[in-house]
Amino acid sequence: MSNRILPIFALIVAIGIFFVYVSPTWTGSITATKKAIASDDQALAAAQTYADQQNQLAAERDKIDPIDLARLATFLPGSVDNVGLILDLNALAARSGLSLSNIDVAAPAASGGSMNPNAAAAQSTMSTSPIGSVDLSLSAIGTYAALKAFLSGVEKSQRLLDVQNLVINGSETGVYTYRILLRIYWLR
Amino acid sequence: MDLPRTIPTSFVPQPASTAARRFHSDFTGAFSFLAYAVLGIIFALAIGVFFYGRILSATKASKDAQLIQAEATIDPATVRGFVQLRNRLSSGAKLLDNHVAFSNFFALIETLLPTPVRFNSVHLTVTGANTSAKKIGLEGTGVAKSFNALAAASGAFATEGRIKDAIFSNIVVNRDNSVSFVLSASLDPTLVAFAPPSAPASAASSSAPLP
């Protein structure tokens with residue numbers, strides 16, 4: 001009788017081990033671990049690619065003269081800094097012989113470029129663009145030669161300034177009044 | 001007469017045949033062998049699965065550690081720096097392409113406009129974000145000493161070509177025979193396009209009044 005019972009018991013134990021431990025472990029934790037390892041491998045490959053690209057970019061950046069990088073940062077600064085710019089514009093106007101009477105922040109000329117010197121500060125809302133912009137309105141008095149010198153300085157300034165609007169009102173004395181709308185840019 | 005061998009000669013019961021007993025014992029042995037073999041295989045499989053799971057867990061722990069180490073080497077400030085540099089370079093190039101230099105216009109108008117014609121007021125307006133959509137409007141009022149002088153100015157604008165659609169309106173002859181006018185025109189964007197200096201290194205540093 002025991003000759004039959006023991007093999008049957010062994011078979012039942014084997015089936016039990018298979019369905020209770022082997023199969024659940026294989027399809028459960030082992031499969032999940034294999035997936036996690038595959039995911040880690042992908043992440044490690046991406047990290048390696050990133051490290052290679054970072055080294056390549058660093059090498060390319062190091063080829064650029066640090067002075068040029070500094071000028072680039074001045075050309076398109078990381079903040080608005082309109083107060084510092086107004087000081088510089090005042091200095092430029094003084095050097096050019098132009099007398100600035102009023103400087104204000106105006107809304108960007110999105111509505112056809114009309115002058116709006118008393119508008120509240122506003123910046124362009126191009127959400128997709130990394131560049132922000134705002135308009136500065138200036139009122140000035142001076143000769144035509146002074147205006148030309150001032151405009152030349154504005155056009156060649158290291159910080160990018162675009163004249164968006166220029167109104168010249170003449171007089172018999174040769175001293176004119178000007179309203180200038182300048183657009184300034186910065187990197188967001 | 002001899003009886004056939006298949007006919008029993010006695011009614012006393014006899015034990016089962018030896019062939020049947022052998023078959024029964026062979027079947028039991030085979031079944032036992034099969035059951036123990038299956039148990040052995042499953043047991044070996046369970047041990048294999050156990051150790052394979054341990055190996056996989058150790059491998060995953062190692063990969064996780066490598067990943068944490070790789071993540072630690074990534075500096076967000078460096079990434080930000082690269083992104084900013086890329087944005088500066090690409091956006092700066094676009095902005096420079098659209099940079100406006102009205103000095104070119106004034107230099108042109110000084111050569112085009114006859115001396116007897118002068119402006120009382122000038123209004124220059126830039127609209128549009130990029131070169132293709134950019135429009136530069138010119139509106140002005142002025143006085144010419146004579147009608148001929150005004151005609152010469154109109155002809156000069158037409159000949160030059162970059163001051164487009166120049167329309168002189170509200171033309172009024174004054175008591176002193178001077179002619180007042182209102183000018184409306186549009187400028188070719190190339191006329192006010194900024195041209196960088198030919199020697200950028202020296203010229204830029206010397207001609208940059210603003211930091």
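The following paragraphs describe the sheet, the helix packing and the nonpolar cores of a predicted model with chains A and B.

Local features of this predicted model were considered at pLDDT of at least 70 and side-chain atom pairs at pLDDT 80 or more, whereas totals for chains, interfaces and linings use all residues. Residues are numbered from 1 along each chain as its sequence is written, chains are lettered from A and ligands numbered from 1 in the order in which they are written, and side-chain values use heavy atoms, with hydrogens and water left out.

Chain A contains 4 helices and 4 strands, taken as DSSP runs (H or I, at least four residues, for helices; E, at least two, for strands) that are numbered from the N terminus. Its elements follow the order α-α-α-β-β-α-β-β from the N terminus on. Of the 188 residues of chain A, 39% are buried, a term that denotes under 20% relative accessible area with a 1.4 Å probe and protein chains only.

An open, antiparallel sheet is formed by 8 strands in the order S1(A)-S2(A)-S4(A)-S3(A)-S1(B)-S2(B)-S4(B)-S3(B), two strands being paired if DSSP finds at least two bridges between them. Its edges are strand S1 (99-106) of chain A and strand S3 (163-173) of chain B, each of which pairs on one side only. Within chain B, strands S1 (residues 117-127) and S2 (residues 135-144) run antiparallel and are joined by 10 bridges; B:Val117 has B:Ala144 of S2(B) as its bridge partner.

Helix H3 (residues 102-112) of chain B lies across S3 of chain A as well as S1, S2, S3 and strand S4 (179-187) of chain B, and runs at about 150° to S1(B); angles are taken from 0 to 180 degrees between N-to-C directions of axes fitted to C-alpha atoms, for helices over the stretch in contact. The axes of helix H2 (residues 66-75) of chain A and helix H2 (residues 76-97) of chain B come within 10 Å and cross at roughly 65°. Contact between these helices, defined by heavy atoms within 4.5 Å, is made by A:Leu69, A:Leu72, A:Ala73 and A:Phe75 of H2(A) and by B:Leu85, B:Arg88, B:Leu89, B:Gly92 and B:Leu96 of H2(B).

The largest nonpolar core, a set of buried Ala, Val, Leu, Ile, Met, Phe, Trp, Tyr and Cys residues joined through side-chain atoms within 4.5 Å, has 56 residues, and those with the most contacts inside it are B:Phe102, B:Phe105, B:Phe106 and B:Ile163. Apart from this core lies another of 9 residues, among them A:Leu72, A:Phe75, A:Leu76 and A:Leu187.

Key: Buried < 20%, exposed > 50% of the residue type's maximum accessible area, 1.4 Å probe, protein only.
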